[in-house]
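Q: Please take a close look at the salt bridges in this structure. Which residues pair up, and where do they sit?

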Amino acid sequence: MNIHSFLADDDQQSKPYNYVLNNTNKVQEERTSDRNKSTFGDSYLRSCALRLAQQGNYTEAIALLNQLISRHPHNAVDYNNRGLIYYQSGERQKALSDYNIALKFNPYLASAYNNRANYYATCGELAVALADYDQAIDLNPRYVRAWINRGITWRDLGQYEEAIENFEVALLFGQLEGHIWAERGRTYHLWGDWNCAIADYRRALTQLPSQGNSKDLTGYRLRLQLENRLNELLSESAS
């Protein structure tokens, strides 16, 4: 199983980050100058934490979320976001604990079910993961990431037809098309339909970033995988 193919989520995904400082040193200096005062608003701290996590600065990101949780110990969003960062940093048991706490405080938080399902999927507990993806989609039927992740999990179970159906539903919402075509292409590839796989890989490459950037590292890594898979398929088809 390719653990990097699962799309994690956070509760700030639909909000703009333009107002967040790009220079993390400035954030750290301001935090140091007045640690004991509520200098930053909660939404600002959340955005800073997620931006730091995107840059790989997990320690600082978790520190900011710890501060938020200290302020609001029953806020499910902050536990979910901290769990996501723990997961990204490799501390998966801590991630699972935070997802469970988040769902205790808010059992209707769809992204927490998606994130917890990703944890179970990477641990090989695919049936448990499917149950959480189902719950996320029941709560939010337009939740594209959960549709994609559930499709990947069905594929890992060898249920290729179910996987394709999930990816096709995901395409209806007009989001993350590059990721969806990539995963549908991989499913066709494993299923033995090389023509459909090649077509989907090529579609995906038109959508995925052509060079590494901090905004979509996952998309860039996926592009590199697709280029290798497409070259292998074309080579085998020509031989």
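A: Start with a term: a contact means heavy atoms within 4.5 Å. In this predicted model, residues 24 or more positions apart account for 56% of the contacts with a separation of 6 or more. Keep that in mind as we turn to the salt bridges.

First, the setting. The chain has 12 helices and 0 strands. Buried residues make up 46% of its 239 residues. The accessible surface comes to about 11800 Å². Carbon and sulfur atoms hold 46% of that surface.

Now the salt bridges. The structure holds 11 of them. One of these joins Arg116 and Asp132. Their closest N and O atoms are 2.7 Å apart. The pair links distant parts of the chain, with the two positions 16 residues apart in numbering. Arg116 belongs to helix α6, residues 110-122. Asp132 belongs to helix α7, residues 126-139. Are these partners buried or exposed? The cut-off helps here: buried means under 20% relative accessible area. Arg116 has 16% relative accessibility, so Arg116 counts as buried. Asp132 has 6%, so Asp132 counts as buried too.

Next comes Arg155, which forms a salt bridge with Glu183. Here the closest N and O atoms are 2.9 Å apart. Arg155 lies in helix α8, residues 144-156, and Glu183 lies in helix α10, residues 177-191, so the pair ties together parts that are 28 residues apart in sequence. Arg155 is buried, because its relative accessible area is 8%. Glu183 is buried as well, because its value is 5%.

A further bridge stays inside one helix. Glu227 pairs with Arg223, and both lie in helix α12, residues 217-238. The two are 4 residues apart, which is about one turn of the helix. Their closest N and O atoms are 3.1 Å apart. What about exposure? Partly exposed covers the range between the buried limit of 20% and the exposed limit of 50%. Glu227 has 29% relative accessibility, so Glu227 counts as partly exposed. Arg223 has 14%, so Arg223 counts as buried.

Some salt bridges also share partners. Through such sharing, Glu168, Arg184, Asp200 and Arg203 are joined into one network.

To recap: Arg116 with Asp132 links helix α6 to helix α7, Arg155 with Glu183 links helix α8 to helix α10, and Glu227 with Arg223 sits within helix α12.

Technical notes:
Residues numbered from 1 in each chain as written. Predicted model: local features only at pLDDT ≥ 70, side-chain atom pairs only at ≥ 80, totals over all residues. Heavy atoms only, no water. Salt bridge = Lys/Arg side-chain N within 4 Å of Asp/Glu carboxyl O. Buried < 20%, exposed > 50% of the residue type's maximum accessible area, 1.4 Å probe, protein only. Areas by Shrake-Rupley, 256 points an atom, 1.4 Å probe, with all protein chains shown as cover.
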